[in-house]
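Me: Please take a close look at one buried position and the parts of the fold around it. Then work outwards from there, keeping to what the model itself shows.

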Amino acid sequence: MPSPLRESGDQVVVAILGATGSVGTSTLEVARHLGERVRVEGMSAHRNLRELVELAREFRPAWIAATDDEAAERFRWPALPGTEVLRGESELVLRLADDASLTTVVAAMVGIAGLRSTLAALRAGKIVALANKETLVAAGPLVMEAARESGAVILPVDSEHNAIFQCLAACQGPKEVSRVILTASGGPFRDLPREAMNGVTPEQALAHPNWEMGQKISVDSATMMNKALEIVEARWLFDLSPDQIEVVVHPQSIVHSMVEFQDGCVIAQLSPPDMRLPIQHALLYPYRVPGPAERMDFARPFRLEFHPPDIGRFPALGLGYQVARRGGTAGSVLNAANEVAVHAFLENRIGFNDIVRVVGEVLAQHPFLAEPTIEEVIASDHRAREETGNWLA
């Protein structure tokens, strides 16, 4: 566990990357609730620039960034007194490296698009509240090395990894950890017969029973590819072997993950399914104050169920363990192929079961590199997208 990062009354000066997405929106809700405790220094969006401008008018950050170059050039920017407009990812990366007043970066971009900016924040020694699991999936060793070299701290925002982070406070070091247990809701199809899976529509896949999320992560939850990505993320973030990571289906989404220690004791983190809680924890760590998140009601009867996952129904989990064991470019290929396949499914160009099938085929055939550079990780991502597109064609 990192040592205390700030004094109790320090103001958190934050940049929110992906401010118009689901995690970014929840982060801004937390910032509104915390008031003067949090100052929004910067915000970014990819193409949703009208909403970005409205947020800038509300929060008055020192800068905003549009990471899509073409969208930034086409957009008619209104006057934003006191707020500088950055155009393109390169300008954002430079600002993250140079902004001395910035203490914390919330990396909430979706997909590989968050890799360069997250690395820039880590190399600058910032506290990174990481919601972009794809960054660690694609380039885990490089990301963790950047943090070690600069002294930066990564605080997980994913509810599962944030739960593990909190549970690890109960031990004195990694040798005391026997295993971590990632909980999965099972998504909307946990009880659907296997033979009915291929007829699933995008509308059905987007109807998550417990969480309100963006389209891509909702489909990932339905295929359980999100849990495959989280296996890889946990492997790098907590320096675990894949054999120390288990997945259980927990339909209620109350226990967000657990850690079992060498003596057999299991510590779990419980809370209602509300992303604002892990976001606030990462923003204010190691301090806790009243926040906007829901609370447990122990006066109301409820049950907690745990079931082993059905690998036959959710073969994505097998791919997650395969990539966690192999490392190298396997993570960037898994992530890239899945992004393309999910997009095709949402456009009704492939069936639901085809998502994991095409990802597995592209992963099996890609030219593997064991110790890639960041340029090779990005090149592998591009190649996997092309290969997946060719398969779909």
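**From one buried serine outwards**

Reply: S26 has a relative accessibility of 15% and therefore counts as buried, the cut-off for that class being under 20%. The model is a predicted one, and the description below should be read with that in mind. S26 sits in helix α1, which covers residues 22-34. Leaving out residues up to four places away in sequence, S26 touches M275, R276 and I279. Of these, R276 and I279 fall within the span of α11, residues 276-284.

The sheets come next. An open sheet of seven strands runs in the order β4-β3-β2-β1-β5-β6-β7, and its pairing is parallel. The edge positions are taken by β4 (84-87) and β7 (153-156); each has a single partner strand, so one side of each has no neighbour in the sheet. From one strand to its neighbour the average turn is 20°, direction ignored. Helix α2 (residues 49-59) packs on this sheet and touches β2 (38-45) and β3 (63-66), with its direction at about 165° to that of β2. Helix α4 (residues 89-98) packs on the sheet as well, where it touches β1, β2, β3, β4 and β5; its direction makes about 125° with that of β4.

Part of this sheet can be followed residue by residue. Strand β1 (residues 12-17) and β5 run parallel and are joined by four bridges, with A15 opposite V105 of β5. On the way to β6 (residues 127-130), β5 again pairs in the parallel sense over four bridges, and V105 has V128 of β6 as its bridge partner. Four bridges then link β6 with β7, also in parallel, and here V128 stands opposite I154. V105 thus has a partner in β1 and another in β6.

How do the side chains of β5 point? In a regular strand the side chains alternate between the two faces of the sheet. In β5 (residues 104-107), T104 and V106 point one way while V105 and A107 point the other way, and all are buried.

The burial also shows in the nonpolar core. The largest such core holds 129 residues, and the members that touch the most others are M43, L115, M225 and F352. Helix α13 (residues 330-346) supplies the largest share of this core, nine residues. M43 lies within the span of β2. Apart from neighbours within four places in sequence, the contacts of M43 include I16, A19, L28, L52, L55 and A56, and also W63, I64 and A65.

Helix α13 also packs against another helix. Its axis and that of α12 (residues 316-326) come within 8 Å and cross at roughly 150°. The two helices are therefore roughly antiparallel to each other. On the α12 side the contact is made by L319, V323 and R326, and on the α13 side by A330, G331 and L334. By type, the residues of this contact are four nonpolar, one polar and one charged.

There is a further open sheet, of four strands in the order β9-β8-β10-β11, with mixed pairing. Its edges are β9 (245-249) and β11 (266-270); each has a single partner strand, so one side of each is left without a neighbour. The twist from one strand to the next averages 20°. Between β8 (residues 177-184) and β9 the pairing is parallel over five bridges, and T183 has V248 in β9 as its bridge partner.

Back at α11, the loop that leads from this helix to α12 contains P286. Y285 and P286 are joined by a cis peptide bond, with omega about 10°. The loop also contains P308, which counts as exposed because its relative accessibility is 70%, the cut-off being over 50%. P308 and G351 are 43 residues apart in sequence and 25 Å apart in space, C-alpha to C-alpha.

Two other loop residues deserve a check of their backbone angles. Most residues other than glycine have a negative phi, and most peptide bonds are trans. R60, in the loop between α2 and β3, has a positive phi of about 50° and is exposed, at 61% relative accessible area. D239, in the loop between α10 (225-237) and β9, has a positive phi near 55°; at 62% relative accessibility D239 counts as exposed.

Conventions: Residues are numbered from 1 along each chain as its sequence is written. This is a predicted model: local features need pLDDT of at least 70, side-chain atom pairs count only at pLDDT 80 or more; totals for chains, interfaces and linings use all residues. Side-chain values use heavy atoms; hydrogens and water are left out. A nonpolar core is a set of buried Ala, Val, Leu, Ile, Met, Phe, Trp, Tyr and Cys residues joined through side-chain atoms within 4.5 Å. Buried means under 20% relative accessible area, exposed over 50%, partly exposed in between (1.4 Å probe, protein chains only). Contact means heavy atoms within 4.5 Å. Two strands pair if DSSP finds at least two bridges between them. Axes are lines fitted to C-alpha atoms, for helices over the stretch in contact, and angles run from 0 to 180 degrees between N-to-C directions. Angles under 35 degrees count as roughly parallel, over 145 as roughly antiparallel, 65 to 115 as roughly perpendicular and the rest as oblique. Ala, Val, Leu, Ile, Met, Phe, Trp, Tyr, Cys and Pro count as nonpolar, Asp, Glu, Lys and Arg as charged, and the others, Gly among them, as polar.
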